[in-house]
Amino acid sequence: MKPLIAFCVLALFVPTMALAQQGSGASSGEDTAALEQKIRDLEDRLIALEGQMRTLKAQGSPAPAAAAAPVSAEAAAAAPAESIASTPVSLGGAGGSAAKALNPDISMIGDFIAVAGGNSIRPSPALEMHESELGVQAIIDPYARGDFFLTFGEQGVGLEEGYITFTALPGSFVARVGKMRAAFGKVNSMHNHVLPFVDRPLVTQNLVGGEDGIDDAGVSVERIIPFPKGIFLSATGQVFRGDSGADDELLFQSHTKGDVSTVAHLRGYKDLTESTNLELGASYARGHNELGTDFITSLYGIDATLRWKPLRRAIYNSFVARSEFIWNQRHQQPFEQRAFGMYASGEYQFKRRWFLGGRYDWSDRAREANLTDKGGSVILTYWPSEFSQIRGQYRFTDYAGDHKTNELLLQVLFSLGAHGAHPF
Amino acid sequence: MNSFVSKYAVLLAAAAFLAASLISPSTASAKKLNVVTATTDLAALAQEVGGDRISVESIAKGYQDPHFVEAKPSFLLKLRQADLLIVVGLQLEIGWLPPLITQSGNSRIQVGANGYLDASQFAEILEIPQGSITRAMGDVHPLGNPHYWLDPDNGRRVAKGIAAKLGETDPENAAYFQQRFQDFDRRLTEADKKWLTDMKPYRGRKVVTYHNSLPNFAKHFGLNVVGFVEPRPGIPPTPSHTFELTNMMKRDHVKVIMVEPYFDRKTPDSIARETGGVVVEYLPSVGGTKEVTTYFQLFDYDIALLTKAFQANP
């Protein structure tokens with residue numbers, strides 16, 4: 001690439017010098033102005049060439065010799081022959097970096113959690129590298145992009161998400177195929193590292209399949225629905241194989257090929273002012289539980305999020321309040337269980353790097369809806385930079401049967417590489 | 001509950017929704033090209049060359065830090081109708097624009113499609129890092145400094161690129177866009193002469209800026225940026241760095257600190273008090289205040305502020 005740039009520079013400046021020599025004879029102001037204009041034009045062409053070069057580099061295609069062609073024939077004649085001849089030879093360095101340019105964005109996010117305090121109901125280790133999330137993301141072709149998120153525990157690897165998004169479908173549809181977190185409510189679709197808490201709310205643990213939530217292989221179709229008055233409305237429909245959650249927190253299980261689970265989500269959003277906005281959502285999910293094909297679990301949810309962020313001080317202050325209400329209706333023997341759970345949380349950013357938050361939890365248990373767990377948390381978060389985060393959370397939980405626990409959770413999150421931005 | 005009905009109720013409901021939404025026409029704009037830009041400066045330039053044949057809207061506001069824009073769903077409403085999306089590029093918008101583009105459901109403006117224009121390809125880019133870079137350097141831009149629009153020469157080059165793109169997208173009006181560009185070029189050359197004359201007495205003056213957003217401006221107008229209030233890009237001021245900066249400013253008689261309107265004034269103000277200097281809250285973008293609505297007014301405003309500050313603090 002270097003010799004080519006050198007060639008372009010040379011090619012542009014040879015005529016300039018020639019002009020300068022001509023100009024030295026004439027002394028009138030008009031000529032000088034014309035000369036200045038000429039130099040400016042040449043400068044522009046050089047910058048345009050540099051821009052093309054950057055674009056080509058970014059696209060990873062080898063720079064065609066034609067890039068230099070628009071330069072005048074005079075310059076081409078003046079250009080030393082070996083500079084052209086040397087272009088293919090330089091493939092070692094240039095070819096290498098050009099090939100790398102097509103590599104996907106790779107990122108790794110570490111999530112370390114330390115816990116103090118006893119909890120016999122839901123014990124967690126004292127020190128744990130809770131999750132290491134490897135993200136591999138790229139644009140696949142003009143019609144689609146691909147995103148992979150692999151999560152490594154201390155033992156074993158899981159595919160948290162891996163899907164293709166078709167971005168160029170007719171009718172403004174956006175479709176996804178692969179394994180993905182379902183669009184049920186808000187926290188279910190979020191990765192651990194974007195949550196404003198160390199843990200997940202009790203209602204997720206009790207009613208929506210535990211930490212992984214509804215996360216399954218299937219197809220998703222989303223579309224924005226035109227609506228007047230600046231209201232954003234979008235509808236999502238998803239069909240999954242029908243397996244979500246594990247062990248005690250198992251939510252859906254597929255016994256036959258027909259045991260698919262379905263998820264639907266309707267999302268409304270409006271800017272109340274320039275800095276405040278409100279989002280409301282309604283969700284529905286349905287699948288078969290572990291007892292058999294005839295045993296259905298249905299989930300209904302509503303969510304609300306209020307956000308405030310003054311644009312002029314966006315990096316210093318913000319506030320987010322969020323709540324989700326979830327109903328779980330589960331067919332089992334001898335009675336159907338109807339459980340309800342909710343959380344309400346708030347997070348206030350009081351300085352550029354500091355956030356203070358709180359959460360209230362209340363949830364029945366899916367299999368024994370007469371048992372209710374309650375809890376509350378206070379959370380303090382510090383960001384050394386955009387790429388790391390230290391968080392402390394005090395959590396009080398009053399489990400059904402009068403088991404009270406007090407725990408202190410400490411989390412360190414750190415991010416390497418280019419992790420694509422997450423949807424709002 | 002009837003299992004069959006409930007099983008397909010979701011799908012039926014979803015299908016009904018989608019069908020309903022398809023019926024309502026989405027081709028609202030009759031003829032005008034619908035242009036959406038990432039920042040107000042690009043919108044101002046597009047407006048100059050597009051005239052009344054385009055409608056243009058920016059996602060970020062002029063008084064907002066363009067690194068940290070929230071990817072609000074309301075922006076999707078603009079993007080899904082756009083014929084052309086113009087971005088600053090060089091990863092300035094990496095934190096918020098990619099998911100918006102993906103979710104827009106608009107195939108015209110996807111990266112690499114005809115309706116996606118990265119304006120940085122037209123501009124002179126400074127500070128492209130050589131060799132290996134790490135995040136220990138702060139939030140560096142690996143492709144070069146993205147604040148390139150604050151050089152009128154780059155404004156002209158970008159406007160030229162936009163005019164060509166508009167002509168490509170709407171060939172019927174290509175001549176109109178070219179003619180508008182010629183006119184803009186003439187007016188800009190005229191205005192630039194005046195700006196350069198105004199700034200001439202202060203060529204070579206040393207200034208400190210909050211964030212490293214002025215290399216192109218400094219190069220064009222001959223300012224010498226000798227330090228930053230941020231210790232590293234994107235890292236807030238630290239006491240030790242502020243102390244060093246204050247000492248350096250005292251030693252080298254640096255009097256002017258240039259700060260963007262979206263940064264906290266506390267540290268720059270205290271440095272100014274300590275050094276007997278002045279804080280200039282310049283505008284990095286069109287729309288930074290209500291009065292500044294064009295690319296010309298942006299430089300008029302900033303240069304008036306700067307010359308006043310230099311005059312008062314010789």
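A nonpolar core, as I use the term, is a set of buried Ala, Val, Leu, Ile, Met, Phe, Trp, Tyr and Cys residues joined through C-beta atoms within 7 Å. Keep in mind that this is a predicted model.

Let's start with the cores. The largest nonpolar core has 86 residues. Which residues have the most contacts inside it? They are B:Ala46, B:Val49, B:Ile86 and B:Ile257. Take B:Ile257. Leaving aside neighbours within four places in sequence, B:Ile257 contacts B:Val208, B:Val229, B:Pro268, B:Ile271 and B:Ala272. B:Gly277, B:Val279 and B:Val280 are also in contact with B:Ile257. Another core lies apart from the 86-residue one. That other core has 23 residues, including A:Met180, A:Leu207, A:Ala264 and A:Ala285.

Now the sheet in chain B. It is open, with 4 strands in the order E6-E5-E7-E8, and the pairing is parallel. Which strands stand at the edges? Strand E6 (224-228) and strand E8 (278-281) of chain B do. Each has a single partner strand, so one side of each is left without a neighbour in the sheet. On average, neighbouring strands of this sheet are turned by 35 degrees against each other, direction ignored.

Look at the E7 and E8 pair. Strand E7 of chain B covers residues 256-259 and pairs with E8(B) in the parallel sense, over 4 bridges. Within that pairing, B:Met258 has B:Val280 in E8(B) as its bridge partner. Helix H10 of chain B, residues 295-312, packs on the sheet and touches E7 and E8 of chain B. The direction of H10 makes about 175 degrees with that of E8(B).

Next, the backbone. As a reminder, most residues other than glycine have a negative phi, and most peptide bonds are trans. Here are three spots to check.

One is a cis peptide bond between A:Gln333 and A:Pro334, with omega about -5 degrees. Where does A:Pro334 lie? In the loop between strand E11 (318-330) and strand E12 (337-351) of chain A.

Then A:Ser172. Its phi is positive, near 60 degrees, and it is not a glycine. A:Ser172 sits in the loop between strand E4 (157-166) and strand E5 (173-181) of chain A. Buried is 20 or more other C-beta atoms within 10 Å, exposed is 12 or fewer. A:Ser172 has 19, so it counts as partly exposed.

Last, B:Glu127. Phi is positive here too, about 60 degrees, in a residue that is not a glycine. B:Glu127 is in the loop between strand E4 (116-118) and helix H5 (152-169) of chain B. With 16 other C-beta atoms within 10 Å, B:Glu127 is partly exposed.

Technical notes: Residues numbered from 1 in each chain as written. Chains lettered and ligands numbered in written order. Predicted model: local features only at pLDDT ≥ 70, side-chain atom pairs only at ≥ 80, totals over all residues. Contact = placed C-beta atoms within 7 Å. Helix = DSSP H or I, 4+ residues; strand = E, 2+ residues; numbered from the N terminus. Pairing = 2+ DSSP bridges. Axes fitted to C-alpha atoms, helices over the stretch in contact; angles between N-to-C directions.
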